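Visitor: I would like a close look at a single part of this model, with its surroundings explained step by step. Could you walk me through it once the structure is up?

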Amino acid sequence: MPPKAQPRKGPGFKPPRPVKPAAQAARPSAKRASDTADARAGASKKAATAGLSFQAAATLISSDSELEDEESPQNTDLDEDMVDELSPQRAPATTAAYHPEEQTTAPIPLPLLARLLHEGFDDKGMKMQQGALELAGKYMETFVREAIARAQFERGDADKGGAIQDGFLQVEDLEKLAPQLVLDF
Amino acid sequence: MASEDEAASIEERLKSSLWYSIGQFVDEECLQHNLNATPQFIGALTEMVYTQISNTSRDLETFAKHAGRKVVNTDDVMLLSRRNEGLETVLRQALEDIRAKEGRTGEKKRREKFATEGKGKTKR
């Protein structure tokens, strides 16, 4: 049987790379610098969440923030929206107060999933039914749960093999399970 | 050029948001199973989920277009599980739950509608 060497046209799997130097990181933070003061504070908080250290760049950039003041309004709107969504939730996450009953829902909030799905549509007029979105949420939840469960399984195998038993899920566990997982979904 | 930059930064922000949500979920799962996950694991998982969502949205769009619709249905989402029976049962169960939920609210509306219609008929 000849192999079907027709790869999908979707974006490829990009493993995480080290954070780029400040020269590249300066761009998004410059946009943030043009926001209102509270949004700026929230934005740097968000950058910290994502593990990208923009803080150093933000101080550099504040001098030429006037240049970036003519930023398109929808862009700043979006930024503030996301900050609003993220910053209030961040506080309870870092403190010791943990409320499991709040968190036992889907890994991806439905509004975010809807946004991501619409981002992937070629035809921007495409719509989704509410039920379809909820079902897609279940699909992605199953995907993430399965990924974690299989990673746990891989870790169990690796720990049996010897070495350190710290129980930390590693990227290599994910690398081992990814091909089969993607085939299954 | 500028729009390219903008698109890249929007994608970056969406990924950050996804990263945060996935991180929360992984932390919660790890607490329940007495595990730990490296930040790199969460990052890689985020990339994988992001790619999966992109592929899924292409699929859903194609399915809906094939059916001659401009709206994605639950049937299109069910088609995602066509190669995996276990997944199909999970999704079918979820679909029934969603239908039941919708049915309850829908039935209420229908009953109200029926009641008002009934009043109209008795008046006549």
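Does A:Thr142 count as buried or exposed, and at what relative accessibility?

Guide: Happy to take you there. Keep in mind that this is a predicted model. A:Thr142 counts as buried, because its relative accessibility is 15% and the cut-off for burial is under 20%. The residue sits in helix H7 of chain A. Leaving aside neighbours within four places in sequence, A:Thr142 is in contact with A:Phe185 from its own chain, and with B:Leu87 and B:Val90 from chain B.

Let us follow that helix outwards. H7 of chain A spans 130–160 and is among the elements that give two or more residues to the largest nonpolar core. That core has 55 residues, and those with the most contacts inside it are B:Leu45 and B:Val49. From chain A, helix H6 (110–120) and helix H8 (171–184) also give two or more residues. Chain B joins in with helix H1 (2–33), helix H2 (39–66), helix H3 (74–79) and helix H4 (85–123).

B:Val49 is a good place to see the two chains meet. Setting aside residues up to four places away in sequence, B:Val49 touches A:Ile108, A:Met140, A:Phe143 and A:Val144 on the chain A side. Within chain B, the residues touched by B:Val49 are B:Leu18 and B:Ile22.

Another residue to look at is B:Gln52, found in helix H2 of chain B. B:Gln52 is buried, because its relative accessible area is 7% and the limit is under 20%. With the same exclusion of residues up to four places away in sequence, B:Gln52 touches A:Tyr139, A:Met140, A:Phe143, A:Val182 and A:Phe185. A:Phe185 is thus a contact of B:Gln52 and also of A:Thr142, while A:Met140 and A:Phe143 appear in the contacts of B:Gln52 and in those of B:Val49.

Now to the packing of H7 itself. H6(A) and H7(A) pack at an angle of about 95°, with their axes 10 Å apart. They are therefore roughly perpendicular to each other. On the H6(A) side, A:Leu110, A:Leu113, A:Ala114 and A:Leu117 take part. They meet A:Gln130, A:Leu133, A:Glu134, A:Ala136, A:Gly137 and A:Met140 in H7(A). By class, this contact has 7 nonpolar, 2 polar and 1 charged residues.

H6(A) has buried residues of its own: A:Leu112, A:Leu113, A:Ala114, A:Leu116, A:Leu117 and A:Gly120. What covers them includes strand E1 (127–128) and H7 of chain A, together with H1 and H2 of chain B.

Those two chain B helices also pack against each other. H1(B) and H2(B) meet at an angle of about 120°, with their axes 9 Å apart. That angle makes H1(B) oblique to H2(B), and H1(B) passes H2(B) in a right-handed crossing. From H1(B), the contact is made by B:Glu11, B:Lys15, B:Leu18, B:Trp19, B:Ile22, B:Gly23, B:Val26 and B:Asp27. From H2(B) come B:Pro39, B:Phe41, B:Ile42, B:Gly43, B:Leu45, B:Thr46, B:Glu47, B:Val49 and B:Tyr50. The residues of this contact divide into 10 nonpolar, 3 polar and 4 charged.

One more stop on the chain B side is B:Thr74, which lies in helix H3. B:Thr74 is buried, with a relative accessible area of 10%. Not counting residues up to four places away in sequence, B:Thr74 touches A:Gln129, A:Gly131, A:Ala132 and A:Leu135 of chain A, as well as B:Leu95 and B:Arg99 of chain B. B:Thr74 and B:Leu60 are 14 residues apart in sequence and 9.8 Å apart in space, C-alpha to C-alpha.

Finally, here is the wider setting. Chain A has 8 helices and 2 strands, in the order α-α-α-α-α-α-β-α-β-α along the sequence. Buried residues make up 37% of its 185 residues. Chain B has 4 helices and 2 strands, following the pattern α-β-α-β-α-α, and 44% of its 124 residues count as buried. Of the contacts with a separation of 6 or more, residues 24 or more positions apart account for 62% in chain A and 29% in chain B.

Key:
Residues numbered from 1 in each chain as written. Chains lettered and ligands numbered in written order. Predicted model: local features only at pLDDT ≥ 70, side-chain atom pairs only at ≥ 80, totals over all residues. Heavy atoms only, no water. Core = buried A, V, L, I, M, F, W, Y, C linked by side-chain atoms within 4.5 Å. Buried < 20%, exposed > 50% of the residue type's maximum accessible area, 1.4 Å probe, protein only. Contact = heavy atoms within 4.5 Å. Axes fitted to C-alpha atoms, helices over the stretch in contact; angles between N-to-C directions. Parallel < 35°, antiparallel > 145°, perpendicular 65-115°, else oblique. Left-handed = near helix turned anticlockwise from the far one by under 90°. Nonpolar A, V, L, I, M, F, W, Y, C, P; charged D, E, K, R; others polar.
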